[in-house]
Structure formats: C-alpha cells, structure tokens
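The following account leads the reader through one protein structure, from its disulfides to its core, its hairpins and one of its pockets. Please keep the sequence and the three-dimensional view at hand while reading.

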Amino acid sequence: MIFFYILGTTSIICSPAPEVPSIEQAYSKHSDSITVEFTEVSGATSYILRAQSGDFFSETMVRSSPGTVVQLQPYTDYKLSVMSVNSGGRSQPSYPIEARTVVMAPKLNTTSPDNSTILVTWPPVKNGILYMLCIIRSGSSSRIKLNTTDTTVTFDGLEPGTTYCIKGTAWDSEGRAGDDLTVCQITRPPSPDVTFVQVTLGRSLGIAVYWVLVQGGENYMAWTTNGQNCTSTVNSYCYIIPVECGQNHSVAVVAYNSAGPSDPSQPAEYITCGYITHTSTPVAGNCSVVWDDVPLVEHYVAFIKRDDGTEKSCNTTGTTCPFSCMCGYTYLTTVFPYNQAGSSPYAQVRNYTTIPCCPQDVTIKLVSTETLEVMWPSVKGAELYETTAAQTNDVIHCNDTAPVCALSDLRCNTAYSVTVTPCSELRGCNRTCAPHTHETAPCAPEILTMTQTNNSTFTILFTTPNNPKTNYTITAFGRYGTHTCQSRNNSCQLTQLPCGSTYEVIGVATTTVGRSLPGFSKTLETGPCCPTYVNVTQVTQAMTNVTWSSGSGARSYVTTLTSSRGHAKCHTLDNHCLMGCITCGTNYISSKIIQKTPVRVKLYRRANNSLRVYWRSLGALMQNHTVELNGTAADYTCIAAAGSKYCDIQEETCGDVYTVVVAPVGQNGIKVNFCQPRRYSVLCPGSNAGMGKHPLNYKLHIV
C-alpha cells in the first residue's frame, strides 16, 4: 500500500494599522459626558475615545464621529484623544485637546405656601454663578423665564389647584449652561363654598354638609366649631353624626391636595333646635319632640308647654311630634304612650330652651371720629351680648349684659360691619344675627407742600386719603384773621394773604358721615412787607448811608445801589446800611450820588474890594455850589448857580485870614459836608506882602 502525502501552503496577509484621526472639536452638554467630533479615516472599522484627568483614565469604543465619553465628573477638565481601529490594530492617539464638563443641574425643591404661590428652593450648585428657571402651566404653551443669583424664587399670581412644571439650569463663569432638571408642583386648591347644611332625621341627630368641588381638590374635610368633622374624597358632601339637639354652631370645609390644605370656606351657621329643618332661622324654627318606639303602644300624646303658659299637644302613632318653637323660650315636653289598657302612669318631663333671639332695631352712631356707639333693645333669652366687627377680625369688643357697646380705636374712613350676638348659658350664642354697617369719620388730610404763586396767594397740596366725594377744607389761622379754601381734589389756593404774616395751616376732611380730626398743622409765612420809605444820604465822596422803615415780617434786609458803572450791596439785620465803593457823579437806582468835590480852590482880591473864590469841578456842572468864608472878623456866604465856577463876595474888613469851603448842593438841597477847607491870608490894598495860601490839615475819605 502506497500512501501519498499532499503538502499544502498557507498564505497570511497582514493589514497595516489605520491612520491617526484628528479631533475637530469637543464639547459638553451634560455634566457627566463630553461629545467628541473627529475626522474619520479610511480603513478604520471603529474608534476609541480616550479621556484622562489626574488618576482617571477611560477608553470608550465608538463606531463613528461624533462619539461621547460618559461617566465623567461635573465641571472637570479632561484631556481627550482618539484612535482608529481595524483588524490590523489601533493607530497612535491623536493630538490631545482639553474640554471641561458643564455644571450639574440645581436640585429643585418646591412647595405651595398658598393657592396662588409656588416657592422654589435649591442648594447652591458648585461652580454655578447664575440660575435660569422656566415655569409653564400644565396644558399651556406659555412660559415665564427668569435669571437669578439667589437660591430661592417665589412664583406668585398662579391659578389655584393647577400643576406647574419648573425647569432649572445652572450656568458657569464661562457662560455655559449646565444640566437641567424639571419638577412639577401643584398649587393648593381654592377655598370651597358651602352650599347647604341640612339637619338629618333618624335614630341619631346629624347634619349633612354640601359644598362645591374645586379645581385641584383631592379630598375634603368639613369641621364644626365644636370639633366634629367628616371627610370625603369623591362626593361633594359628608355627614357628621351624631350632633346634640339645640346647638348653634358653624361648619366650614377645607379642600386638600398634595400641596396642602386650602383656606377654610366661609363658615355656614346651623341650629339643631330639636329637629330643625331650617338652617338659618334667626327668630323662629320648627322643633320636634322625638322619642323611642315603645312596644305594644297604639298611639302617643305629647304635651308641649312654653314658659309663658302657652300649651299645645299632639296625638300621633309615630315617634315624632313637630311644633313651632320661638327663640328665647323654654319648653317643657312630656310624652304619654297609650294602648287599650290606658296610658302610662309616668312620663319623663324634658326641659328644652331655644337659642336667644337676635336684637332688632340696632342703632349705630358715630360719637367721635374713630368710635362707634352701638345700642339695641334687650331681647328674650339673652343673658349677655357679644359685639364684634368683621373688619377687626371678629375680635369681641364688648361682652356684657348691657345692651350698649362702644367700638373704639377704629380706622378712619372705614365701613364696619357690626354684629350683636346674644348668648345664653344653656344654648350658647345665636350666630345667625344679621350685621349692621356704619362708617367712621374720614381720615385727616396731610399737608404736603405750600407754594407761593404770587404776592398774596399760596397753593396748598395735600393728601386725599378718603373717597372721591370727600370735601377738604384748608384753614390758615393768623394773628389778624383766618383764611380758608375748599376742594375735592388734592390742592386748593389760599388767597389775599397779607405780607409779613405767619399762619398755622390745618386740613380737615368732611363727608356725610362726619368731620375728621384736624391734620397736623404746618407753619406758613408770607413774604415780608416792603419798607414804606427809603432815604439815601451821601456821607463821603465814596460812601452813602441808606436808611429805611421796618418791613413787617422781615428778618434781614438786602440793600443794593445799581448803575451802569457798577453796584453796591449790603445785607444787614438793621434798618440802615453804610455802603461804600460808590462812584461820584453817577445816577444809582434808589439814590443820586453827588458829584466830586471841587478842586484847585483859589481866592483873588478884586479892585472893588471884593473877593472872588474860584474852583474847578471834575464832574458835570449840574449842581449848585455854596461858598463859605470864615474869618476872624466876619463870615461870608454866597451861592453859585449850576454851571458856575466862581463866586464873588464883598469884603467889609481887609487884612483878615479866611477859611474857605466850596461844597456842591444836591437836588434835595442838602450840602455836602465833607469838602476840604482852605486857609487864605488876605492883606489890605497897598501892602507890599503878597496874598498867601496856608493849607489846613484835613482828612480825605475815599469809599
């Protein structure tokens, strides 16, 4: 046997590793991942994303670009690279880039403090500097966004019993939005309305409470003022059993959902007067005598006797005897069972007292601006009275046996709904009495500003804290008179106020109810009166003395002299002022300043034994001049008309020494008294000595 062995050959093909890809960009949209976009290379069947940060290292296999690296930490920097893979192996890592994950979402906690508010709180997000919240109502497309740096936000003005979804996002310092988290919260339900309270008949006396279902209400609880309650999750009613006969209480209903309870409904009053079928009868009701069925009894006779002697009875085969009962009375009831053998020899007497009656003819009057006096006639069955006002949170203002009450310390311009509640020890208080409304006096206005519009008129601006039909009177009380103005607006004008007066200004409001207290007063001062006269007297060549009469109401005075060459001003507490820096020969408002004093005064002897006094004036020659020669033997005076530069004097005795003064005279006839004197020695004719000039010492005043 011959065996043949066939030797075959196997060829092995080695594929090279693919090329190195490059990363185009890397970004983070979630706090635990980074997405990498890279260039895909030919021949690669998959790619490996490598992420490194400190001791952290991970590789994630992806099929194509983009790929996402997960299970990362929030707001952390990572070095990212990509490698291509095929049957020949993996390429070298690409050039790494750095990317940072975004911040976490805020962990929102929501509550609903009331039926129109949602409160959102969250702990601070690490590395988050800004938070954006967006709220949207369930079933609606409208939304509200807000940005905040706080960790608490309150959304108010929401609909009761409605679900709202809130999305929260944190932003980092680079302006990148982080993760978002959405939570939904329902607001508390609105208050239900009690529609009916019915006393139910049966073996046990009870009440049925009915209400209107509200949006967002998941279950309801009805509770009474004496602590009894019942609940319902489906129906709009529930039963409270048992209740005591002859009770006067109120019942309220509260709706609940996952956010919490609503506000209680308005309380509904009810009276269990025997078996009362009426729930709101303040004066009279339908009462019933109810008893247990007795075996072998054919019929019953019930006797009802009122405390005023009125008596009635009823014959029935049932176990109930209805009768009309009045408030404030005590009823004695007895039931006798009958059969063929006769009546029971003994019957228990039951004592029943109805609730006290509501007062009628309640009168309320305003005895002061913030006090109401309430009076009413005494009513049957009442041992004391409670007086309350709804606007003061039903605080009991009076709890007394007397039929009168004073409600004090009330708010002005407010209508108070006052209720007088009669009470007795046996049956409690009758809470079904109707309220009576009365308004307090208007509030006093407050003066805001007082503005002078002309010399004798002031506009007074004040507050208007009352209704638009209120009249406001502003009165100014002064020493010499009173001025008033009236308005329904917030301003009026006080007119014909004299100057220099001081007034106390007070505002008062008046309505049909009464008059307010006076408001706080403010002091009004009118402008000071002008002086009745002003006198201007020139003291020196450059100084003027101004005097004036006192102006009523003036505390200080400002005096000014004004001209085209300048002005002078003086502020003083006195009635006079010395003003300097005046230019002579100048017309000033309020005065005329005399021209400069004459200069170069000379004395000449003339042939006819007369003397001529000559001078030169620097200003305009518009004033008269007076010339005075005072000698040892005689004195001489002459007047020179305006425009003249000399004056001649007839000498009687020669050989004298003269003091010569030349002074201008103003328009008011007053001579300037500060001109410089000159001294001359005058010889007789024929003397060899010449006329000499001997100047005197003098003081020159320059202002």
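A disulfide is taken here to be a pair of cysteine sulfur atoms within 2.5 Å. The model is a predicted one, and 13 disulfides are found in it. One of them is formed by cysteine 230 and cysteine 238, whose sulfur atoms lie 1.9 Å apart. Because that separation is within 2.5 Å, the pair meets the criterion. The link of cysteine 230 and cysteine 238 is right-handed, with 55° about the S-S bond. Are these two cysteines, 230 and 238, buried or exposed? Cysteine 230 and cysteine 238 are both buried.

Before further cysteines are considered, the overall composition deserves a statement. The protein has 703 residues, of which 41% count as buried. Its secondary structure consists of 60 strands and zero helices. Among contacts with a separation of 6 or more, 56% are between residues 24 or more positions apart.

The largest nonpolar core may be considered next. This core has 19 residues, and the members that touch the most other members are Val197, Ile207, Val209, Trp211, Ala222, Val251 and Val253. Which strands give two or more residues to this core? They are strand S16 (194-200), strand S17 (206-211), strand S18 (219-224), strand S20 (237-240), strand S21 (247-257) and strand S23 (268-272). Alanine 222 connects this description with the disulfide discussed above. Leaving out residues up to four places away in sequence, alanine 222 touches both Cys230 and Cys238. The other residues that alanine 222 touches on that basis are Val209, Trp211, Gln228, Asn229, Ile240, Val251, Ala252 and Val253. Of these, Val209, Trp211, Val251 and Val253 are named, with Ala222 itself, among the core residues that touch the most other members.

A further disulfide joins cysteine 412 to cysteine 443, with an S to S distance of 1.9 Å. This link is also right-handed, with 95° about the S-S bond. The pair links distant parts of the chain, as its two cysteines are 31 residues apart. Cysteine 412 lies in the loop between strand S35 (404-407) and strand S36 (415-424), whereas cysteine 443 lies in the loop between strand S38 (436-439) and strand S39 (447-454). Why do cysteine 412 and cysteine 443 fall into separate accessibility classes? Buried means under 20% relative accessible area, and partly exposed lies between that limit and over 50%. Cysteine 412 counts as partly exposed because its relative accessibility is 22%, and cysteine 443 counts as buried because its value is 13%.

Cysteine 485 and cysteine 492 also form a disulfide, with an S to S distance of 2.0 Å, and both of these residues are buried. Cysteine 530, by contrast, is in no disulfide; its nearest cysteine sulfur belongs to cysteine 499 and is 7.2 Å away. Cysteine 530 counts as exposed because its relative accessibility is 67%, and exposed means over 50%.

Threonine 511 offers a case of burial within a loop. This residue is found in the loop between strand S44 (502-510) and strand S45 (522-525). Threonine 511 is buried because its relative accessible area is 17%. Leaving aside neighbours within four places in sequence, threonine 511 is in contact with Pro442 and Thr470.

Two hairpins illustrate how strands are paired. Strand S1 (residues 23-30) and strand S2 (residues 33-38) run antiparallel and are joined by five bridges. Within this pair, tyrosine 27 stands opposite threonine 35 in S2, and a hairpin of two residues joins S1 to S2. Strand S46 (residues 534-540) and strand S47 (residues 543-548) likewise run antiparallel, here with six bridges. Glutamine 538 stands opposite threonine 544 in S47, and two residues make the hairpin that joins S46 to S47.

The account ends with the second largest pocket, which holds about 530 Å³ of space. How many residues line this pocket, and which lie nearest its centre? The lining has 20 residues, and those nearest the centre are Glu269, Thr388, Asp394, Thr421 and Arg431. At least two lining residues each come from S21, strand S33 (384-389) and S36. Strand S21 also gives two or more residues to the largest nonpolar core.

Definitions and conventions. Residues are numbered from 1 along each chain as its sequence is written. This is a predicted model: local features need pLDDT of at least 70, side-chain atom pairs count only at pLDDT 80 or more; totals for chains, interfaces and linings use all residues. Side-chain values use heavy atoms; hydrogens and water are left out. Two strands pair if DSSP finds at least two bridges between them. Helices (H or I, at least four residues) and strands (E, at least two) are DSSP runs, numbered from the N terminus. A nonpolar core is a set of buried Ala, Val, Leu, Ile, Met, Phe, Trp, Tyr and Cys residues joined through side-chain atoms within 4.5 Å. Buried means under 20% relative accessible area, exposed over 50%, partly exposed in between (1.4 Å probe, protein chains only). Contact means heavy atoms within 4.5 Å. On a 1 Å grid over the protein atoms alone, a cavity is a set of points where a 1.4 Å probe fits but cannot get out, and a pocket is an open set with protein on both sides within 12 Å along at least five of seven lines; lining residues have an atom within 4 Å of a point. Grid points are joined across faces, edges and corners, and a volume is the space filled by probe spheres set on the points.
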